[in-house]
Amino acid sequence: MDNEIVDNDNNVDLVPRVHICFETLDAVKKFYRDFAIRTGFGIRIRSSKKGKDNELKHVKLVCSCEGNYVSTIRPVGISIGKKDGKWHIKNVVMEHSHDISPKESRLISRNRKVNMHARQIVDINDEAGVRINKSYRSLVCEARGYDNVSFIDRDVRNYIAHKRRSLCKDGQALLRHFSHMREVNNDFFFEIGMDEDNRI
């Protein structure tokens, strides 16, 4: 059977099978993650191997519910190998040992992601002082329901918390710079104020 090359634009309804090949490892991961979300499970990397050139040559992607122990039962997933600069599916196991639900797959932690559009809206709302739960509900309304949103309220809170921690680090760097300026110039003056959310 000839190898079928797949790109990110034509894999919408494709089912994993042996001999499909991809230009990059990221393309394989996106393909299998999209399939997992449609089918009702999450994925993770179970194992990987490097070649003598220290580059990845083999990766096994499995259902996130599969354990790490050695078993005679093969885990649900795909094995992929790199050959001639492309990634080829070498093995496919489709039968799960547990129930799967396409409707619930968006709630699996490995499938949840705050997309770029949502980040922009949340950032704008956060700067305007809009509460995170209200920002989340507005995104749900815009998407016309919870089933159409690929993340939950907690993911938005985690995103904002991470961003604020990053800003706090930037603020510390700014404070060090101003302190150095004061050492260089006795006439240099600065004052830093924080709002109720500990933002400069």
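Which loop holds Asp84? Select Asp84 and trace the chain both ways. It is found in the loop between strand S5 (77–83) and strand S6 (86–93). Keep in mind that this is a predicted model.

**Stop 1: the turn at Asp84**

Stay on Asp84. Its phi is positive, about 55 degrees, although Asp84 is not a glycine. Now show S5 and S6 together. They form a hairpin with two residues between them, and Asp84 sits in that turn. Is Asp84 buried or exposed? Its relative accessibility is 72%, so Asp84 counts as exposed, because exposed means over 50%.

**Stop 2: strand S5 and its partners**

Select S5. How many of its seven residues are buried? Five are, so the strand is mostly covered. Next, add S6. S5 and S6 run antiparallel, joined by seven bridges. For one example, pick Ser79, whose bridge partner in S6 is Asn91.

Now add S4 (56–63). S4 and S5 also run antiparallel, and five bridges join them. Click Val62 and look across to S5: its bridge partner there is Gly77. While you look at these strands, remember a general point. In a regular strand the side chains alternate between the two faces of the sheet.

**Stop 3: the loop at Asn54**

Move back along the chain to Asn54. This residue is found in the loop between strand S3 (43–50) and strand S4 (56–63). Its phi is near 70 degrees, a positive value in a residue other than glycine. Asn54 has a relative accessibility of 53%, so it counts as exposed.

**Stop 4: two cysteines**

Select Cys63. Its relative accessibility is 0%, so Cys63 counts as buried. Then select Cys141. At 60% relative accessibility, Cys141 counts as exposed. How many disulfides does a search of the whole structure find? The search finds zero. A disulfide is a covalent bond between the sulfur atoms of two cysteines.

**Stop 5: helix H3**

Select helix H3, residues 132–142. Colour Ile132, Ser135, Tyr136, Leu139 and Val140, which are buried. Where do they lie around the axis? They cover an arc of only 140 degrees, which puts them on the same side of H3. Then step just past the helix to Arg144. There, phi is positive, about 65 degrees.

**Stop 6: aromatic rings**

Show the aromatic side chains. The count comes to seven aromatic pairs. Begin with Tyr32 and Phe35. This pair is stacked, with 6.1 Å centre to centre and 20 degrees between the planes. Both residues lie in helix H1 (residues 25–39), three residues apart, about one turn of the helix. Tyr32 and Phe35 are both buried. Add Phe41 to your selection: Tyr32, Phe35 and Phe41 form one aromatic cluster.

For another pair, select Phe178 and Phe188. What are the distance and angle here? The ring centres are 5.8 Å apart and the planes stand at 55 degrees, so the pair is tilted. Phe178 lies in helix H4 (residues 153–184), while Phe188 is in the segment after H4. The pair therefore ties together parts that are ten residues apart in sequence. Phe178 is partly exposed, with a relative accessible area of 22%. Phe188 is partly exposed too, with a relative accessible area of 23%.

Notes:
Residues numbered from 1 in each chain as written. Predicted model: local features only at pLDDT ≥ 70, side-chain atom pairs only at ≥ 80, totals over all residues. Heavy atoms only, no water. Helix = DSSP H or I, 4+ residues; strand = E, 2+ residues; numbered from the N terminus. Buried < 20%, exposed > 50% of the residue type's maximum accessible area, 1.4 Å probe, protein only. Disulfide = S-S within 2.5 Å. Arc of directions from axis to C-beta. Phe/Tyr/Trp six-rings, centres within 6.5 Å; stacked < 30°, edge-to-face > 60°. Pairing = 2+ DSSP bridges.
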